[in-house]
Amino acid sequence: MPDGPGRRSVSAAGVGDALRAWRIEQARRRGVPPYVILHDRTLEAIASSLPRSRDALRSLPGIGPAKLELYGSAILELVSSARARTER
């Protein structure tokens with residue numbers, strides 16, 4: 001269960017769903033299966049930890065240097081957008 005103020009509400013607002021939709025879009029663009037973009041476990045880690053920085057994102061399972069470079073900015077933007085929607 002996520003800890004910290006606001007985490008549950010942000011996750012409930014659809015971070016996981018937004019990440020899955022983004023992953024499907026990326027997979028279609030690249031012509032690969034979605035798990036090649038990021039595994040479910042990695043999406044779950046992002047949705048539960050809601051990283052605010054590249055360093056925080058890098059510490060999650062499945063995010064190495066290549067994934068961080070390719071997808072880090074987009075993932076952080078998704079998380080930031082979800083936070084903004086719930087903090088209004």
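# Reading a six-helix chain

This is a predicted model. Its pLDDT averages 86 over the chain, and 82% of the residues score at least 70. Over residues 1-9, though, the pLDDT is below 50, and this stretch has seven contacts in the model beyond near neighbours in sequence.

User: Hi! To start, how many helices and strands are in the chain?

Analyst: Welcome! The chain holds six helices and zero strands. Read from the N terminus, its elements run α-α-α-α-α-α. Of its 88 residues, 33% count as buried.

User: Why is the pair of Trp 22 and Tyr 71 called edge-to-face?

Analyst: Two tests are needed here. Rings pair if their centres lie within 6.5 Å, and the centres of these two rings are 5.4 Å apart. Planes over 60 degrees apart count as edge-to-face; the planes of Trp 22 and Tyr 71 stand at 85 degrees, so the pair is edge-to-face. A search of the whole structure finds one aromatic pair.

User: What makes this a link between distant parts of the chain?

Analyst: Trp 22 sits in helix H2 (residues 15-30) and Tyr 71 in helix H6 (residues 65-87), 49 residues apart. Both Trp 22 and Tyr 71 are buried.

User: How do you know that the length of H2 agrees with what it should span?

Analyst: Try it with the numbers. H2 has 16 residues, which at 1.5 Å a residue should span 22 Å. The C-alpha atoms at its ends are 22 Å apart, so the two values agree.

User: What makes the buried residues of H2 line one face?

Analyst: Let's name them: Val 15, Gly 16, Leu 19, Trp 22, Arg 23, Gln 26 and Ala 27 are buried. Looking down the axis of H2, these buried residues fall within an arc of 140 degrees, so they line one face of the helix. An α-helix has 3.6 residues a turn, so residues three or four places apart point the same way. The face of H2 turned away from the buried side carries the exposed residues Asp 17, Arg 28 and Arg 29.

User: Is Arg 23 buried or exposed, and how do you know?

Analyst: Arg 23 has 8% relative accessibility, so Arg 23 counts as buried, the cut-off being under 20%. Leaving out residues up to four places away in sequence, Arg 23 touches Pro 34, Ile 37, Leu 38, His 39, Asp 40 and Leu 43.

User: Why does Ala 18 count as partly exposed?

Analyst: Partly exposed lies between the 20% and 50% cut-offs. Ala 18, in helix H2, has 26% relative accessibility and so counts as partly exposed. Ala 18 and Leu 78 are 60 residues apart along the chain, yet their C-alpha atoms are separated by 7.3 Å.

User: And which class does Pro 61 belong to?

Analyst: The relative accessible area of Pro 61 is 30%, so Pro 61 is partly exposed. Pro 61 lies in the loop between helix H5 (54-58) and H6. Setting aside residues up to four places away in sequence, Pro 61 touches Arg 41, Thr 42 and Ala 45. Of these, Thr 42 and Ala 45 are among the buried residues of H4.

User: How do you know that Leu 50 counts as buried?

Analyst: Leu 50 has 1% relative accessibility, so Leu 50 counts as buried, since the cut-off is under 20%. Leu 50 is found in the loop between H4 and H5.

User: What makes the phi of Leu 50 worth a look?

Analyst: Most residues other than glycine have a negative phi. Leu 50 has a positive phi of about 45 degrees although it is not a glycine. Gly 31, which follows H2, also has a positive phi, near 70 degrees.

User: Which residues touch the most other members of the largest nonpolar core?

Analyst: This core has 20 residues, and Leu 19, Leu 38, Ile 46, Leu 57, Ile 63 and Ile 75 touch the most other members. H2, helix H4 (40-49) and H6 each give two or more residues to the core, and H6 gives the most, with six. Leu 57 touches residues including Ile 46, Ile 63, Leu 68 and Ile 75.

Key
Residues are numbered from 1 along each chain as its sequence is written. This is a predicted model: local features need pLDDT of at least 70, side-chain atom pairs count only at pLDDT 80 or more; totals for chains, interfaces and linings use all residues. Side-chain values use heavy atoms; hydrogens and water are left out. Rings of Phe, Tyr and Trp (its six-membered ring) pair if their centres lie within 6.5 Å; planes under 30 degrees apart count as stacked, over 60 as edge-to-face and the rest as tilted. Helices (H or I, at least four residues) and strands (E, at least two) are DSSP runs, numbered from the N terminus. Buried means under 20% relative accessible area, exposed over 50%, partly exposed in between (1.4 Å probe, protein chains only). The expected span of a helix is 1.5 Å times one less than its number of residues. The arc is that of the directions from the helix axis to the C-beta atoms. pLDDT is the predictor's confidence in each residue, from 0 to 100. Contact means heavy atoms within 4.5 Å. A nonpolar core is a set of buried Ala, Val, Leu, Ile, Met, Phe, Trp, Tyr and Cys residues joined through side-chain atoms within 4.5 Å.
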